[in-house]
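User: I would like to go through some of the aromatic rings and the enclosed space in this protein, with the reasoning spelled out for each answer.

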Amino acid sequence: MDQWVVVVALFIVVLGLLYKWSVARYDVFRERGVPHEKPWPLIGNIPIRAMFGGVPVLKHMIQLHLKYTGSPVYGIYALRDPYIFVRDPELIKLIGIKEFDHFVNHNQMQNNIQESILSKSLMSLQDGRWREMRNILTPAFTGSKMRVMYELIHSCSVEGVLYIRDQLQSGSAASIDLEMKDYFTRFANDVIATVAFGLSVNSFRRKDNEFFRIGQSLSIISAWSVVKAMLHALVPRLMKLLRIQVLDTAKIDYFTSLVNVAMKYRQEHNVIRPDMIHLLMEAKQQRHAELKDQTKDARYYKEFTDEDLLAQCLLFFFAGFEIISTSLCFLTYELCLNPEVQEKLYEEILSVNQELNGQPLTYDKLTKMRYLDMVVLEGLRKWPPAISTDRVCCKDIDLLDENGAKLFAARKGDVFQIPIMSLHHDPENFPDPETFDPERFTEERKDELKPSTFLAFGVGPRNCIGNRMALMELKSIVYQLLLNFKLLPAEKTSRDILEDIVGHGLKPKNGFWLKFQKRQ
């Protein structure tokens, strides 16, 4: 009997200590005057159903954001960690641009990314090393460099159209239903393969090619991956000790070997191909020349190694594989449900095609298509590629508005979340936000856009370096699809997509289904 009393007593003590540990950080927002909901022990403000994919996550985020109308910030405890969400555009501008030196870095996740090659990627680097890498990479993403790579992306777009044509010809019906997530993932896969890894794989013809199969497995968020990520956030030292990793290192090694083999072959055979590997190899040579320049102080020039180059290729893979395919799914979904927008865009595409007089579409023609640009921007407004971005405060600062009034007192270590999706669906920023309206981005109405509210590619010096390439991909495939096909709702097309997107991926329960009808 005494033994059971001891066991029960120990259990109660352990339970009490666990409870105390789980709520130890839940006084932060109350002490700082940040409005927030009362957190639950251990899980904070994250609904339990949301952890297991049972909540329309985007809809929940937007509703939570609108709940705090009138407040510049609000707080959310994600498990034990306090995150300050920024609502006020002026505050976003201060954090992202004006006071950037106080908010240079992203929040560092405690998982095996920081022990892997990805720790050298532009997304993960911090402080001076980030600035240095950004300066090295910026010349590789200019308009002139994008023009050089356009042909590679154009070829992938043409292959995507040929695939749908073949599907229509193989059947007797005048139209065909396609699940667009699979379709655009194959397109994005082929673009990444050719642009970032120097490979031509054609995932429309070779459906189970190795590059696509491994890439897709890395992008799928399984329940076990979510559990591992949560455990890394709660007990990082234990997870490191047990060597439990979020990312599959064997699959990362596959892409590593692809880049290493490509670089070695090109160096040995003096091969030049207009892709990302070539541009990064040029950047590496430029940095090597700077290190040899005796007029410059070598202390301020860190070498750009093969590992640095590889890390950027892997970053482009993760950014391009999922983000591009998801953005295209949402954009074509909106076009099929807004036939008047689709028709107006088709008229512009048809006009440009007639001007080309049988010649292929050029980069210059594509970038000058005004209505296509407006449609793509509105797609990115309503369905931004990243639902949020973050910044970490590196030293205390009082953030003041233009009149000198204090908006918020930021303290070292504060993690600020900028909720892009919620900001884009806030009627204070975009009137009637649920309406797909490309006219928001006309030259005549551009003054109506509130600064620091359209954040499709982030904000300030740490915005997305690849935004030109992303826009080129989106516009290239949309041009080709609308030139050849009419996009119509299919029987399985979602009618309330915000309600249908549950779980951890940005995909409705039944997929992104569209009907393609060949134009006469």
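User: Is Phe441 buried or exposed?
Analyst: In this predicted model, the relative accessible area of Phe441 is 6%. Because burial requires a value under 20%, Phe441 counts as buried.

User: How do the planes of Phe441 and Phe454 make the pair stacked, tilted or edge-to-face, and which of these is it?
Analyst: Phe441 and Phe454 both lie in the loop between α18 (420-424) and α19 (467-484), 13 residues apart. Phe454 is partly exposed, at 26% relative accessibility. The ring centres are 5.2 Å apart with the planes at 65°, and since planes over 60 degrees apart meet the criterion, the pair is edge-to-face.

User: Which residues form one aromatic cluster with Phe197 and Phe317?
Analyst: Phe197, in the loop between α8 (180-196) and α9 (210-219), and Phe317, in helix α14, are 120 residues apart, and Phe197 is buried, as is Phe317. Their rings pair edge-to-face, 6.5 Å centre to centre with 80° between the planes. The cluster that holds both is completed by Phe211, Tyr254 and Phe255.

User: Which element gives the largest share of the lining of the largest cavity?
Analyst: The largest cavity, with about 30 Å³ of space, is lined by Ser327, Leu331, Val376, Gly379, Leu380, Trp383 and Leu474. Those residues divide into five nonpolar, two polar and no charged. Two or more of them come from each of α14 (306-337) and α17 (370-382), and the largest share, three residues, comes from α17.

How values were computed. Residues numbered from 1 in each chain as written. Predicted model: local features only at pLDDT ≥ 70, side-chain atom pairs only at ≥ 80, totals over all residues. Heavy atoms only, no water. 1 Å grid on protein atoms, 1.4 Å probe; cavity = no way out; pocket = protein on both sides within 12 Å on 5 of 7 lines; lining within 4 Å. Points joined across faces, edges and corners; volume = space filled by probe spheres on them. Helix = DSSP H or I, 4+ residues; strand = E, 2+ residues; numbered from the N terminus. Nonpolar A, V, L, I, M, F, W, Y, C, P; charged D, E, K, R; others polar. Phe/Tyr/Trp six-rings, centres within 6.5 Å; stacked < 30°, edge-to-face > 60°. Buried < 20%, exposed > 50% of the residue type's maximum accessible area, 1.4 Å probe, protein only.
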